[in-house]
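Trainee: I am new to this structure and would be grateful for a close look at a single part of it. Please take the sheet together with the residues that pack around it, and explain each step of the reasoning.

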Amino acid sequence: MCKHQPPCPTAESADREAAHLVAHFPEQGWSLLCNGVLLFEDTGELLPDGEIIAPHRPLGTESVTAAA
């Protein structure tokens, strides 16, 4: 599927999110990568084989500042 040189990571690779964007729909909250992965804004993923990757946002909330 990927025609980039060097080729993008496959959907099975741990670094699959590093693939190039093919389509980006921020108003709908998702992007399609050239390796066939649907990447959602909540960091969840849907792989081409139907496997679901749960959202994996960083848990480092100690640096979040509340508005006064």
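**The sheet and its surroundings**

Mentor: Let us begin with one pair of residues: in strand E2, the bridge partner of Ala 23 is Leu 32. Please keep in mind throughout that this is a predicted model. Beside that pair, His 24 stands opposite Ser 31, which also belongs to E2. These pairs are part of the link between strand E1 and strand E2 (residues 30–33), two strands that run antiparallel and are joined by 4 bridges. Between the two strands of this hairpin there are 4 residues, and Gly 29 there takes a positive phi near 85°.

The hairpin can now be placed in the sheet. The sheet is open and has 5 strands, in the order E1-E2-E3-E4-E5, with antiparallel pairing. Its edges are formed by strand E1 (21–25) and strand E5 (52–53), each of which pairs on one side only. As general background, side chains in a regular strand alternate between the two faces of the sheet.

Next, consider a residue of strand E3 (residues 38–40), namely Leu 38. With a relative accessible area of 23%, Leu 38 is partly exposed, because the limit for a buried residue is under 20%. Once neighbours within four places in sequence are set aside, Leu 38 is in contact with Trp 30, Ser 31 and Leu 32, and also with Gly 44, Glu 45 and Leu 46. Ser 31 has already appeared as the residue opposite His 24, and Leu 32 as the partner of Ala 23. Leu 38 can also be related to an earlier stretch of the chain: Glu 17 is 21 residues away in sequence, and the two C-alpha atoms are 9.4 Å apart in space.

Glu 45, one of the contacts of Leu 38, leads to a charged pair. The whole structure contains 1 salt bridge. Its partners are Arg 16 and Glu 45, whose closest N and O atoms are 2.6 Å apart. Arg 16 lies in the segment before E1 while Glu 45 lies in strand E4 (residues 45–46), so the pair ties together parts that are 29 residues apart in sequence. In general terms, side chains of opposite charge can pair when their charged atoms come close. The two side chains are also joined by a polar contact of 2.6 Å.

Are the two partners buried or exposed? Arg 16 counts as buried at 13% relative accessibility, and Glu 45 counts as buried at 2%. Leaving out residues up to four places away in sequence, Arg 16 touches Pro 9, Thr 10, Ala 11, Leu 33, Asn 35, Val 37, Glu 45, Leu 47 and Ile 53.

One further pair deserves attention, that of Cys 8 and Cys 34. Why is there no bond between their sulfur atoms? The sulfur of Cys 34 is the closest cysteine sulfur to that of Cys 8, but the separation is 3.4 Å, which is too far for a bond because a disulfide requires the two sulfur atoms to be within 2.5 Å. The count of disulfides accordingly comes to 0. Both residues are nevertheless enclosed: Cys 8 is buried, with a relative accessible area of 11%, and Cys 34 also counts as buried, at 5%.

Methods. Residues numbered from 1 in each chain as written. Predicted model: local features only at pLDDT ≥ 70, side-chain atom pairs only at ≥ 80, totals over all residues. Heavy atoms only, no water. Pairing = 2+ DSSP bridges. Polar contact = N/O pair within 3.5 Å; in protein donor to acceptor, adjacent residues only side chain to side chain. Contact = heavy atoms within 4.5 Å. Buried < 20%, exposed > 50% of the residue type's maximum accessible area, 1.4 Å probe, protein only. Salt bridge = Lys/Arg side-chain N within 4 Å of Asp/Glu carboxyl O.
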